[in-house]
Amino acid sequence: YIVFGYDNGCSNNGIPKESTTKSKGSGAVFGENSKTKYFGSDFNLKIIVSGKTIKILDKDGKEMLSNSNIIKYNDRNSDCPSGGFRDISSNGIYFTIEQQNCSGWDFIDEFITFKYSEKDKDIYLYKFELIYTDRSEPDKDIPVKVYGENVFGKINFKDVALDVLYKYVR
């Protein structure tokens with residue numbers, strides 16, 4: 001199963017504060033607004049988001065993978081009023097990081113989907129989906145952009161970085 005812990009209280013730079021409530025067993029930190037998600041059917045994995053770090057733990061609570069290069073929060077010092085990180089959703093052997101970013105006059109809703117490989121017992125980037133909204137013309141029809149393994153190749157979760165993903169698609 002995936003356990004998603006997130007404290008909505010933010011520090012001055014827009015990065016969520018660490019929660020003070022600890023769960024039993026895993027040593028993971030959870031906030032009052034934490035969510036529980038299920039990932040997969042016959043394997044037990046936990047995903048924990050704390051600040052900009054995503055950790056994936058095995059059924060015994062041992063860290064399998066970690067990544068601090070995907071989560072983005074709003075930058076209060078920029079002209080971008082985006083919300084940054086929003087949520088993680090899961091469906092079977094897939095989980096998706098949902099966040100919002102900016103580029104010029106566009107909001108970009110980012111959906112970064114990963115797939116668990118039962119064969120390799122590892123997690124890989126599956127697809128990167130971008131939905132653009134023009135801030136000056138919100139009703140303007142802009143095609144959704146979806147990039148998959150055919151563009152990136154097989155990239156392990158721990159090696160994915162948001163800035164590198166954008167270099168692939170530009």
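A contact here means heavy atoms within 4.5 Å. On that basis, 49% of the protein chain's contacts with a separation of 6 or more come from residues 24 or more positions apart. Keep in mind that this is a predicted model. The protein chain has two helices and twelve strands, and its average pLDDT is 75.

**Overall layout**

- Going along the sequence, the pattern of the protein chain is β-β-β-β-β-β-β-β-β-β-β-β-α-α.
- Of the 170 residues in the protein chain, 44% are buried.
- The protein chain has an accessible surface of about 9500 Å², and carbon and sulfur atoms own 44% of that surface.

**How far to trust the model**

- A pLDDT of at least 70 is reached by 72% of the residues.
- The stretch to watch is residues 1–36, where pLDDT stays under 50. The model still has 85 contacts beyond four places in sequence for residues 1–36.
- Where pLDDT is low, the predicted coordinates should not be read in detail.

**Helix α2 and its two sides**

- Helix α2 spans residues 162–169, and its buried residues are L162, L165, Y166 and V169. These buried residues cover an arc of only 100° around the axis, so they sit on the same side of α2.
- That fits a basic rule of helices: an α-helix has 3.6 residues a turn, so residues three or four places apart point the same way.
- D163 and K167 are exposed on the other side of α2.
- What do the buried residues of α2 pack against? Their partners are the strands β9 (94–103), β10 (106–117), β11 (122–134) and β12 (145–148), along with helix α1 (149–152).

**A nonpolar patch on the surface**

- V151, V164 and Y168 make up a nonpolar surface patch, and together they have about 230 Å² of accessible area.
- V164 belongs to helix α2. With a relative accessibility of 38%, V164 is partly exposed.

**Salt bridges**

- The structure has six salt bridges, and here are some of them.
- R86 pairs with D109, with 3.4 Å between the closest N and O atoms. R86 is in strand β8 (residues 84–91) and D109 is in strand β10, so this salt bridge ties together parts that are 23 residues apart in sequence.
- Are the two partners buried or exposed? R86 is partly exposed at 45% relative accessibility, while D109 is buried, with a relative accessible area of 15%.
- D134 and K140 also meet through their side chains, at 3.9 Å from N to O. D134 is buried, with a relative accessible area of 9%, whereas K140 is partly exposed at 44%.
- E63 and K55 form another side-chain salt bridge, at 3.8 Å from N to O. Here E63 is partly exposed, with a relative accessible area of 41%, and K55 is partly exposed too, at 35%.

**E129, a buried acidic residue**

- E129 lies in strand β11 and has a relative accessible area of 19%. The cut-off for buried is under 20%, so E129 counts as buried.
- Which residues does E129 touch, leaving aside its neighbours within four places in sequence? They are D109, E110, F111, V144, K145 and V146.
- D109 therefore turns up twice: it is in contact with E129 and it forms the salt bridge with R86 described above.

**Two loop residues worth a look**

- K121 is not a glycine, yet it has a positive phi of about 55°. K121 is in the loop between β10 and β11, and at 51% relative accessibility it counts as exposed.
- G61 is in the loop between β6 (53–57) and β7 (63–67). At 22% relative accessibility, G61 is partly exposed.
- How far apart in space are G61 and K46? Their C-alpha atoms are 7.8 Å apart, although 15 residues separate them in sequence.

Methods: Residues numbered from 1 in each chain as written. Predicted model: local features only at pLDDT ≥ 70, side-chain atom pairs only at ≥ 80, totals over all residues. Heavy atoms only, no water. Buried < 20%, exposed > 50% of the residue type's maximum accessible area, 1.4 Å probe, protein only. Helix = DSSP H or I, 4+ residues; strand = E, 2+ residues; numbered from the N terminus. Arc of directions from axis to C-beta. Areas by Shrake-Rupley, 256 points an atom, 1.4 Å probe, with all protein chains shown as cover. Salt bridge = Lys/Arg side-chain N within 4 Å of Asp/Glu carboxyl O. Patch = residues over 30% accessible without salt bridge, like charges linked within 9 Å, V, L, I, M, F, W, Y side chains within 5 Å. pLDDT = per-residue confidence, 0-100.
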